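Me: I'm just starting to read protein structures, and I'd like to take a close look at a single part of this one. Could you walk me through it in one connected answer?

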Amino acid sequence: MTPFGERVRALRDAKGVTLKQMATDLHISSAYLSALEHGKRGQPSPQLVRQICAYFGIIWDEAEELERLASLSHPRVTVDTAGLSPKATELANRLAERIHDLNDATIDGLLAILEATPCSPAALARRNRAARRR
C-alpha cells in the first residue's frame with residue numbers, strides 16, 4: 001500500500017463509502033481504484049487527486065497533504081545517482097536491496113533524518129520540475 005492509498009482508504013472508511021461506490025461516483029473502475037489503494041498502480045493524475053478532494057470535501061492544507069502523498073506514492077521508484085558520489089550510489093543500492101527487511105521503527109528513523117536534512121536549491125528545482133510534469 002502507498003501513503004496515498006492508505007489515506008484514501010481511511011477517508012473512504014471514515015465516510016462509510018465502499019470502494020465500488022466511490023469508483024462509480026468518480027467515473028473510474030473499481031479495479032483501478034483498488035490498484036491505487038494497494039500500490040499496484042503508479043501515482044494518480046493531478047485531476048484524479050482533485051476529484052478525490054472534491055468528493056470528500058477536502059480543502060486547503062488537507063488537500064495539499066493529499067497531493068503531497070500522491071507525489072510520494074509511486075510504487076516503483078528509480079534512483080538516478082549519475083554524477084553523485086560513490087557513497088550516494090552505494091546508499092541507493094543498499095537501500096534497494098534491504099528495504100524489505102526494514103521494520104517500521106527503522107523506516108521512521110530514516111524518514112526523520114531525511115525530513116531534518118535541508119534540501120539544496122538544485123534538489124528543490126528538481127522536485128518542482130517533477131511536480132509540474134504531473
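The part I have in mind is the place where helix 1 and helix 4 pack. How are helix 1 and helix 4 arranged, parallel or perpendicular to each other, and which residues form the aromatic pair?

Reply: Happy to! Please keep in mind that this is a predicted model. Let's start with the whole chain and then zoom in.

The protein chain has 8 helices and 0 strands, so reading from the N terminus on you meet α-α-α-α-α-α-α-α. Its C-alpha atoms fill a box of roughly 50 × 30 × 25 Å along the principal axes. Of the 134 residues in the chain, 23% are buried.

Now for your two helices. Helix 1 covers residues 3–15, and helix 4 covers residues 46–56. Their axes are 11 Å apart, and the packing angle is about 25°. Angles under 35 degrees count as roughly parallel, and therefore helix 1 and helix 4 are roughly parallel to each other. As for handedness, helix 1 passes helix 4 in a left-handed crossing.

Next, look at residues 55 and 56 in helix 4. Here you find the aromatic pair you asked about: Tyr55 and Phe56. The structure holds 1 such pair. The two ring centres are 5.0 Å apart, and the planes make an angle of 85°. Planes over 60 degrees apart count as edge-to-face, which is how this pair is classed.

Are these two residues buried or exposed? The cut-off for buried is under 20% relative accessible area. Tyr55 has 17%, so Tyr55 counts as buried. Phe56 has 16%, so Phe56 counts as buried too.

Tyr55 also links us back to helix 1. Lys15, at the end of the 3–15 stretch, lies over the face of the Tyr55 ring, at 4.5 Å from the ring centre.

While you are in helix 4, find Cys53 as well. With 5% relative accessibility, Cys53 counts as buried. Cys119, by contrast, is partly exposed, with a relative accessible area of 35%. How many disulfides does the structure have? The count comes to 0.

Finally, step back along the chain to the loop between helix 3 (30–38) and helix 4, where Gln43 is found. Gln43 is partly exposed, at 25% relative accessible area. Gln43 and Arg76 are 33 residues apart along the chain, and their C-alpha atoms are separated by 9.9 Å.

Key: Residues numbered from 1 in each chain as written. Predicted model: local features only at pLDDT ≥ 70, side-chain atom pairs only at ≥ 80, totals over all residues. Heavy atoms only, no water. Phe/Tyr/Trp six-rings, centres within 6.5 Å; stacked < 30°, edge-to-face > 60°. Buried < 20%, exposed > 50% of the residue type's maximum accessible area, 1.4 Å probe, protein only. Lys NZ or Arg CZ within 6 Å of the ring centre and 35° of its normal. Disulfide = S-S within 2.5 Å. Axes fitted to C-alpha atoms, helices over the stretch in contact; angles between N-to-C directions. Helix = DSSP H or I, 4+ residues; strand = E, 2+ residues; numbered from the N terminus. Parallel < 35°, antiparallel > 145°, perpendicular 65-115°, else oblique. Left-handed = near helix turned anticlockwise from the far one by under 90°.
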